[in-house]
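Visitor: I would like a close look at a single part of this model, the place where two cysteines are joined. Please take me through that link and then through what surrounds it.

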Amino acid sequence: MSNGLRMTAIGAVVAMSLALAACSDAPRDEAGSGGDAGASEAQPGGDLVIGVTSDPDTLFPWRATQFQAVHLLGNVYGTLTELDENLEVVPGLAESWEVSPDGLTVTFQLREDVTFADGSAFDSEDVVFSLESIRDEATAAVAASTLARVTAVAAPDPSTVELTLSTPDSGLFANLATVNLAILSSDDTEEALNTQPNGTGPFTFEARVPNQSVTLARNDAYWGEPALLDTVEFRVIPDESSIVSAMQSGNVQMAVFDDPLVADTATSPDLTVTETPQLSYHVLQLNARRGPLADVNARLAIQCAIDRQQVLDTAALGEGEVTGPITSPAYKSDPDARPCPTRDLDRAREYLAEAGLPDGFALDTIVSQGEYATSVNEAQNLQAQLAEVGIELTFTPLESGAYVDRWIAADFDAAVALNGGRPEPDGMYGRYFTSDGNLNQVAGYSSPELDELFAQGLQATDEDERKEIYDQVARHLEDNAAWVWLFTSYTYTVTTNTLQGFVPMANGSLQYLRTAGFTG
Amino acid sequence: MLDTLVHNGVVRRVAQSVFTLFGVAVVVFVVLRAIPGDQITANLGTEAAALTPDQRAALESYYGLDQPLLTQFFGWLGNILTGNLGFSARAQTSVADLTLQALPVTFELAVLSILLALVIGIPLGMLSASRPNSARDATGQVVGLAGLSVPAFLLATTLTSVLASRFGFNPNGEPFARFFDDPLLNLQQMLLPSLVLGFGVAAPILRTTRTAVLEVASDDFVRTARAKGVPARRLQIRHVLRNALVPIATMTGLQFGYLLGGAVVVEQIFSIPGIGRQVLLGIQQNEYALVQSTVLVIALAFVLVNLLTDLLYRIIDPRVRAA
């Protein structure tokens, strides 16, 4: 008996010293490794608390656009396809799919062992119900346009779904992997789901205290490998520095920050900070349909007068990377392929002269204040740089509602923006830069060449061919200075060292909570 | 009965209050709609640009934005009179429920803060007044100035961050505990926020106390009492402070009213789910009914506190009762 106690004591001491050795300093990981500091494996069980600054603003997946809502619901609902950690398309609720030779019929083979959280079985009827409802404008689903080329959805049998398309759509599979296209049970209503989400994901919705927390529990009936954690609580702590404090005192074990200044304060031997490059991009949107900007030379003058690295350094402490239009790893644009890859004031003045505006022009710019930390600093730096060639950028920082109103109305010459990116370039830019895209009015630019390129991109199925086409899209956008792309930034995922197996993603998804767990 | 009420001006006060509340209702309603954007753009952000006209119409009808403004206003006001404060789409619960959750939290925080402020402010104020322009007066004044000028967010952030990182003490990192569920944790969670608020509110109370005490101390009856040989401590408390209480009560009531409006910054930093945060979230999301109803509740609380302060005068000072 006493021997057994002694062995236990020795074991405890060894374990403690191992744990101390594993967290002797605060490591700062490079992208995506997910922190494998300790050799020990994550164990099943445990309750994870994630600190978030705000409550989800909706629990209805088809209309969720807020960061917190999207990534919380991504753990509760399932989609036909999914993305892996490299943003490659992998099977989800659809086990496999086939595209007809003419590209106009897509047949999905569905998983058969799937149930919703309420216990009801998943089958093709749910897929038809979901896709048809999303297509219905009365539903006001935000991803309705992703299904714009779908003309019919049919269910020949309970495990098969057939989509008929008006034109081929190679981007469809990547674009289906969003919680905005979540598959709901055909028995559910929006009203019910607003308070009691019912999905097929690795976690189920357990409880919500408005303005305070949402708790998820492991879904033991999940079709894939079940999650390790018993529960995940998203705890609302409105102030970011208070989240850091709560991590230091051990109340919270994980948080995601955008602001490098906040992440820098999370220094503790018990915490790991992981930087992940994001798909979203900082950009100076130009409105090529207004005033002097209608002349491509005026836009190119702006392009050449800006040193992007300087914007990044002054506004975001250099925490990011200069970028071209396409940010997803598989289709990444080369930022050196643009006109004036480095700042060239002489060339900028030549462009101004060619535009017949040797003395420059005024640029009425909208800037959102408060949406993200760097906006006003970016605008100030751009203002200073452009002033050197006589382009007078004027801006008033706008509160987010006012900014969104003017952005939607395209009521600006230029806009300092942080736009969301997508893994698939057609999903990312087709809606902006094709002449019939639903955001084309805001994008302020389109051309027959671009329309043709985007159409080709949707028809091509070969990956190399698609990459070549979207390189041309990116080149065309920059040669015509449709917008001035600036840089991408990081998110900073702070975790306690005992949390292992979580992989942050470039689209901000928290889907790898399903593989996360605590060691020992 | 009615005669006494009319005589004491109670009926007039109530009528005034109703008028004030109606004014508040109109102003909030108008100001909210003057904020750019609506609940749709607040919810969808720039994605709202991608809505087709039919989608937009569906959402406007969902949020009740398709009704004419007058219908919206009187519909809301009519609902208020029947006790229906509206519905929050974001929280998926009624505004009345949200308010019933948040108001007691704010009330508790306000009471604790005021108590702390009185405990700090009155003795320091008396100390300052006891020997004007001396070193102890200067000390009191400096504390008062600090209370007024140190921003709450700075004090709050510093306290939280130092206590959490150095001592691992951070009760506000735990889920919020209601007083009747877990009094011990609740009081721990209220400790820092009420200290920060109390310190800020102590300043005006200190200054008011100092001025009022100095004024009373120069009155004839004080000199008489001193001549009669009333001991100094008894003189200070029973005679001077007692007679200086009216301005102090006014200031305290005023500050208490403000605190009931919700101390937004402090509630944010310490994650206290009070009424201030409820209004702030409502404004950010353009949840019209939520903000309108909550502001009206706050205004009502303010009016009630003022009424109670007036009643308190009658207890403190018999001369008011006679008048």
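Guide: The torsion about the S-S bond of Cys304(A) and Cys340(A) is about 80 degrees, so the disulfide is right-handed. This is a predicted model, and in it the sulfur atoms of Cys304(A) and Cys340(A) lie 1.9 Å apart, within the 2.5 Å that is asked of a disulfide. Over all chains the count comes to one disulfide. The pair links distant parts of the chain, with the two positions 36 residues apart: Cys304(A) belongs to helix H8 (residues 296–305) of chain A, whereas Cys340(A) sits in the loop between strand E16 (320–322) and helix H10 (345–354) of chain A.

The two helices named here also meet each other. The axes of H8(A) and H10(A) come within 8 Å and cross at roughly 165 degrees; with angles over 145 degrees counted as roughly antiparallel, H8(A) and H10(A) are therefore roughly antiparallel to each other. H8(A) passes H10(A) in a left-handed crossing. On the side of H8(A), the contact is made by Asn297(A), Leu300(A), Ala301(A), Cys304(A) and Ala305(A), and on the side of H10(A) by Leu345(A), Arg347(A), Ala348(A), Tyr351(A), Leu352(A) and Glu354(A). Cys304(A), one of the two disulfide partners, is thus also among the residues through which H8(A) touches H10(A). By class, the residues of this contact between H8(A) and H10(A) divide into eight nonpolar, one polar and two charged.

For the wider setting, UniProt, in an unreviewed entry, places the feature "domain: Solute-binding protein family" at residues 88–438 of chain A. Over residues 88–438 of chain A the model is 28% helix and 26% strand, and the end C-alpha atoms of the span lie 26 Å apart.

Another helix pair of chain A can be set beside the one at the disulfide. Helix H13 (residues 425–433) of chain A packs with helix H15 (residues 448–459) of chain A at an angle of about 150 degrees, their axes 11 Å apart, and H13(A) and H15(A) are therefore roughly antiparallel to each other. The crossing of H13(A) and H15(A) is left-handed. Here the contact is made by Pro425(A), Asp426(A), Tyr429(A), Gly430(A) and Phe433(A) of H13(A), together with Leu450(A), Asp451(A), Phe454(A) and Leu458(A) of H15(A). The residues of the contact of H13(A) with H15(A) divide into six nonpolar, one polar and two charged.

Chain B offers a further point of reference. The UniProt annotation "domain: ABC transmembrane type-1", also from an unreviewed entry, covers residues 103–313 of chain B, and over that span the chain is 82% helix and 0% strand, with the end C-alpha atoms 26 Å apart.

Definitions and conventions
Residues are numbered from 1 along each chain as its sequence is written. Chains are lettered from A and ligands numbered from 1 in the order in which they are written. This is a predicted model: local features need pLDDT of at least 70, side-chain atom pairs count only at pLDDT 80 or more; totals for chains, interfaces and linings use all residues. Side-chain values use heavy atoms; hydrogens and water are left out. Axes are lines fitted to C-alpha atoms, for helices over the stretch in contact, and angles run from 0 to 180 degrees between N-to-C directions. Helices (H or I, at least four residues) and strands (E, at least two) are DSSP runs, numbered from the N terminus. Angles under 35 degrees count as roughly parallel, over 145 as roughly antiparallel, 65 to 115 as roughly perpendicular and the rest as oblique. A crossing is left-handed if the near helix is turned anticlockwise from the far one by less than a right angle, and right-handed if clockwise. Contact means heavy atoms within 4.5 Å. Ala, Val, Leu, Ile, Met, Phe, Trp, Tyr, Cys and Pro count as nonpolar, Asp, Glu, Lys and Arg as charged, and the others, Gly among them, as polar. UniProt positions are given in the numbering used here, feature names are shortened, and annotations may be inferred rather than shown by experiment.
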